[in-house]
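Me: I'd like to go through this model with you and ask how each label was earned. Could you set the value against its cut-off each time?

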Amino acid sequence: MSVFKLAFPKINLAGFGAIEELISVISANHGDAQGLLICDPAMMKLGFANKLLESKLNLALFDQVKPNPDTNTVKEVLACFDAYQAQYLIGFGGGSAIDTSKAIRILSKNEGPIARFNGVDKVEQLGCPLYAINTTAGTAAEVTSNAVITDTETHVKHVIISDKIIPDVSVNDPSVMLGIPADVTAATGIDALTHAIESYVSVGAHALTDYISLESIRLIAKYLPQAVDNGKDELAREKMAQGQFIAGLSFNSAGLGMVHAMAHPGGAHKDLPHGVCNAILLPIVCEFNRPYRVEKFAKVAAAMGVDTSAMSDEQASVAAIDAINALNKRVGIPAGFGELGVTEADVRSWVDDALADPCAGGNPHPMTHDQVTQLYLKSL
Ligand SMILES: [Fe+2]
């Protein structure tokens with residue numbers, strides 16, 4: 001048994017108005033020192049970055065972060081960070097903006113390239129302060145020790161895992177989630193559900209993470225359809241923000257599994273959205289894992305709103321897979337990778353990367369090369 005470690009940001013701000021609170025925290029910590037705000041073009045277009053840019057903070061701006069951030073983006077942002085001699089970073093967005101910020105935090109105090117830090121605990125020096133504002137109820141990048149950066153030369157995703165990249169302050173302010181489109185809400189919401197379920201059945205699960213994972217599953221199953229149907233529904237957005245936040249706390253300590261390990265190559269090779277890849281793979285991998293965690297999958301079913309009172313654990317665990325499939329369908333997730341132009345040859349070429357992914361070790365039962373291949377074929 002490995003030792004359980006609970007690690008998360010020192011300060012976590014959640015709820016409407018949390019961004020204003022963050023501005024006060026940064027102002028107290030840094031005064032008018034130069035900071036760098038890192039976001040994607042959508043945040044500018046929606047006007048969400050204005051709250052920060054029009055504040056008393058002295059901020060330079062990099063607003064060209066792309067989905068599935070890559071080594072080229074990291075080089076561009078680092079050049080900007082150096083040019084402004086920034087003293088701290090604000091990552092503002094979903095996983096892409098925050099993961100890019102984590103990479104810059106590393107390179108602010110450590111010699112690159114970023115590929116050098118792929119794997120667990122490879123970061124030597126703690127970089128400059130990092131404040132992370134999450135805008136999607138999904139990745140939980142604002143609380144985790146992970147950053148995923150695609151290598152533009154090899155098309156492999158570098159998965160950097162280090163306590164030294166956990167943001168100093170996390171922010172979940174639902175006011176910047178109200179404008180997220182329905183398809184992104186759905187994909188990022190199922191990503192969060194995947195974090196909750198994978199951490200719950202992981203080999204690294206703990207009594208504490210079990211408790212919060214189940215609550216996260218309950219919140220997401222109940223409120224994701226509402227948030228997808230009406231993005232302006234403040235209650236649904238707030239509950240989704242809570243669900244994804246606590247799922248992040250859970251998986252950051254308990255780990256993930258083969259859903260994430262198999263999803264990463266889809267992003268690295270085909271630039272597919274992380275949440276969609278997870279959503280397609282989640283029921284398929286859960287079906288494989290179910291016999292190794294029957295009791296836990298039975299509890300997943302109940303948390304997802306299935307009436308399991310007259311069911312055996314075996315029956316209820318099967319009902320959990322049905323509930324995941326039904327939720328995917330309800331929120332408009334594609335039925336398989338085939339709909340996204342992925343071929344059999346593509347998925348066959350992803351198997352080795354999936355097995356080598358750092359998330360693979362958390363799966364409740366190890367998979368063989370052939371088993372991963374079969375599950376990928378099922379996902380088409
Ligand atoms: Fe994820």
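Reply: Gladly! Helices (H or I, at least four residues) and strands (E, at least two) are DSSP runs, numbered from the N terminus. With that in hand, Val-123 can be placed in the loop between strand S5 (119-120) and strand S6 (130-134). This is a predicted model, in which local features need pLDDT of at least 70 and side-chain atom pairs count only at pLDDT 80 or more, while totals for chains, interfaces and linings use all residues. Residues are numbered from 1 along each chain as its sequence is written, and side-chain values use heavy atoms, with hydrogens and water left out.

Me: Why is Val-123 called buried?

Reply: Buried means under 20% relative accessible area, exposed over 50%, and partly exposed in between (1.4 Å probe, protein chains only). Val-123 has 6% relative accessibility, so it counts as buried.

Me: Which residues is Val-123 in contact with, leaving aside its neighbours within four places in sequence?

Reply: Contact means heavy atoms within 4.5 Å. By that rule Val-123 touches Ile-106, Asn-110, Phe-117, Ile-160, Ser-162 and Lys-164. Of these, Ser-162 is 39 residues from Val-123 in sequence, with 6.5 Å between their C-alpha atoms.

Me: What makes the site of the iron ion irregular?

Reply: Let's start with the donors, meaning N, O and S atoms within 2.8 Å of the metal (3.2 Å for Na, K and Ca); water is not among the atoms, so sites may look incomplete. Asp-191 (OD), His-195 (NE2), His-260 (NE2) and His-274 (NE2) coordinate the iron ion at 2.1 to 2.2 Å. Four donors count as tetrahedral if all angles lie between 85 and 135 degrees; four count as square planar and six as octahedral if opposite donors are over 155 degrees apart and all others between 65 and 115; anything else is irregular. Here the angles among the four donor atoms run from 84 to 171°, so the range goes outside the tetrahedral limits, and the site is classed as irregular.

Me: How are the donors of the iron ion spaced along the chain?

Reply: They follow D-x3-H-x64-H-x13-H. Asp-191 sits in helix H6 (residues 182-201) and His-260 in helix H9 (residues 258-270), so this pair ties together parts that are 69 residues apart in sequence.

Me: Are Asp-191 and His-260 buried or exposed?

Reply: Asp-191 has a relative accessible area of 1%, so it is buried. His-260, at 2%, counts as buried too.

Me: Why is Asp-70 called buried?

Reply: Because its relative accessible area is 12%, which is under the 20% limit. Asp-70 lies in the loop between strand S3 (58-62) and helix H4 (71-84).

Me: What makes the pair of Asp-70 and the backbone nitrogen of Asn-72 a polar contact?

Reply: A polar contact is a pair of N or O atoms within 3.5 Å; within protein, one must be able to donate a hydrogen and the other to accept it, and residues adjacent in sequence count only if both atoms are side-chain atoms. The side chain of Asp-70 reaches that nitrogen at 3.1 Å, so the distance is within the limit.

Me: Gln-85 and His-155: which is exposed and which partly exposed?

Reply: Gln-85 has 61% relative accessibility, so it counts as exposed. His-155 has 40%, so it counts as partly exposed. Gln-85 has a positive phi near 50°, and His-155 a positive phi of about 60°.
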